[in-house]
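I opened this notebook to record what I looked up in a single structure. The entries follow the order of my queries.

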Amino acid sequence: MCPKTQPRRRGLRITVWSLVTVLTVAVGLVGVVLWQNSYDMDEQRVTIRHGGHTLNGVLTVPKDGRKHHGLVVYVHGDGPVDATHDDGYKPMWEANAKAGYASLSWDKPGVAGAPGDWLDQSMDDRADEAAAAIAWARARPDIDGDRIGLWGASQAGWVLPKIAAKTPVSFVIAVSPAVNWLQQGRYNLLAELRADGASAARTKAEVAKSDTTRRLLGRHASFEEYVGAMGGDADGMTAARWGFVSKNYTADATQDLRALRGVPVLLTLAGHDVNVDTADTERTYRKVLDADGALTVRRYPDATHSLLKQSIEQSDLGITLTAVFSPRSLFADGFLNDQRRFLKKLGRGGHATSCHSLRAVPPAPKAPCPPAPVLGAGGHGGVPGITSGRC
């Protein structure tokens, strides 16, 4: 045998085994991804008629063999959100299914091919939409009409109590809900400036821009007037978005929350929320709802506004990798289990606040007053909800 043949064969074997190893690892990773992104529930697309409109929805039901389930109706926060929130809702839907509850959500108007435009909606419009979805669900033989409740995040804080005023609901899960649009916005503006280490001069300029925007909204200024007041720089603002803000900037949930008295409410708050003043939200919810003992408050110190772990949300790569390989791990520790236990307790006919495993907590200490007395906030002149995803 030629002496040079052996090294060649040895090199070929190494190459082949290297390829086999790479393929094995690749197949294993694909398997992990498929397993981690498979959820223990059945999912179907549904169509809901709402007046002259159509809602494109997703209904998930538990695989527990039962033919009758309670239902959690999802109310989105701000922005162009589809029914699954880019699959971000699915870990929560699975937790609901483990508690014996179905879940219902739909594409916002104009999103994922749905008709309409969500920027044309007021908070009352959104509540009407949800009430229509609940009526549709109550007519289904697989849904227990006496066990239909709401899940809503952020901007949904202005929608949830409006829904309850229109149609009976048996529970509410409120995640990082806002109370007053302008106050929330000012908090958001100052919190982001502090996080950026903004100078006093920059803070003063941003507050002044916020106040200008608020005055423009107060006198129903046009989009063109807004652009002119900003020196011709709309900074991402569109006419449609300006119309949405103009329609909704006076939103305040304080009085509407009275519609939730006597309804079991799980209030979920994050420890690193720069969008919503959680201390103010908790004080308001306790003042309006705590008298009858139907309110349970759950705080997550390591969570951000979206209830993701702060350590993960700080990294785009971290979010992507976790979403692919372990999507349930995106959320703050205990978040999914606490919602499952809340629903499970209701499913047994118990009262939400009697569930000791939720570890109801005492009121948060009163937060210090913000440095500026004027209201307004968020991006684009300090008004919340102007940029997608604010609240």
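Entry 1, cavity lining. I began with the largest cavity, in a model that is predicted. I noted that β3 and α3 (123-138) each supply at least two residues of its lining. I then listed the lining residues of this cavity: Y74, V75, H76, W106, R126 and E129. Sorted by class, I recorded three nonpolar, one polar and two charged residues in that lining.

Entry 2, cavity volume. I looked up the volume of the largest cavity and found about 40 Å³. I also searched the whole structure for cavities of 30 Å³ or more, and the search returned one.

Entry 3, sheet order. I turned to the strands and found eight in an open sheet with mixed pairing, in the order β1-β2-β4-β3-β5-β6-β7-β8. I noted β1 (42-50) and β8 (295-304) at the edges; each has a single partner strand, so one side of each is left without a neighbour in the sheet. For the turn between neighbouring strands of this sheet, direction ignored, I recorded an average of 25°.

Entry 4, one strand pair. I checked β1 against β2 (residues 53-61) and found the two antiparallel, joined by nine bridges. For Q44, I located the bridge partner in β2, namely L59.

Entry 5, helices on the sheet. I found helix α2 (residues 90-98) packed on the sheet, in contact with β1, β2, β3 (69-75), β4 (101-106) and β5 (143-153). The direction of α2 makes about 150° with that of β4. I also looked up helix α9 (residues 278-289), which lies across β6 (172-175), β7 (265-272) and β8. I recorded that α9 runs at about 160° to β7.

How values were computed. Residues numbered from 1 in each chain as written. Predicted model: local features only at pLDDT ≥ 70, side-chain atom pairs only at ≥ 80, totals over all residues. Heavy atoms only, no water. Pairing = 2+ DSSP bridges. Helix = DSSP H or I, 4+ residues; strand = E, 2+ residues; numbered from the N terminus. Axes fitted to C-alpha atoms, helices over the stretch in contact; angles between N-to-C directions. Contact = heavy atoms within 4.5 Å. 1 Å grid on protein atoms, 1.4 Å probe; cavity = no way out; pocket = protein on both sides within 12 Å on 5 of 7 lines; lining within 4 Å. Points joined across faces, edges and corners; volume = space filled by probe spheres on them. Nonpolar A, V, L, I, M, F, W, Y, C, P; charged D, E, K, R; others polar.
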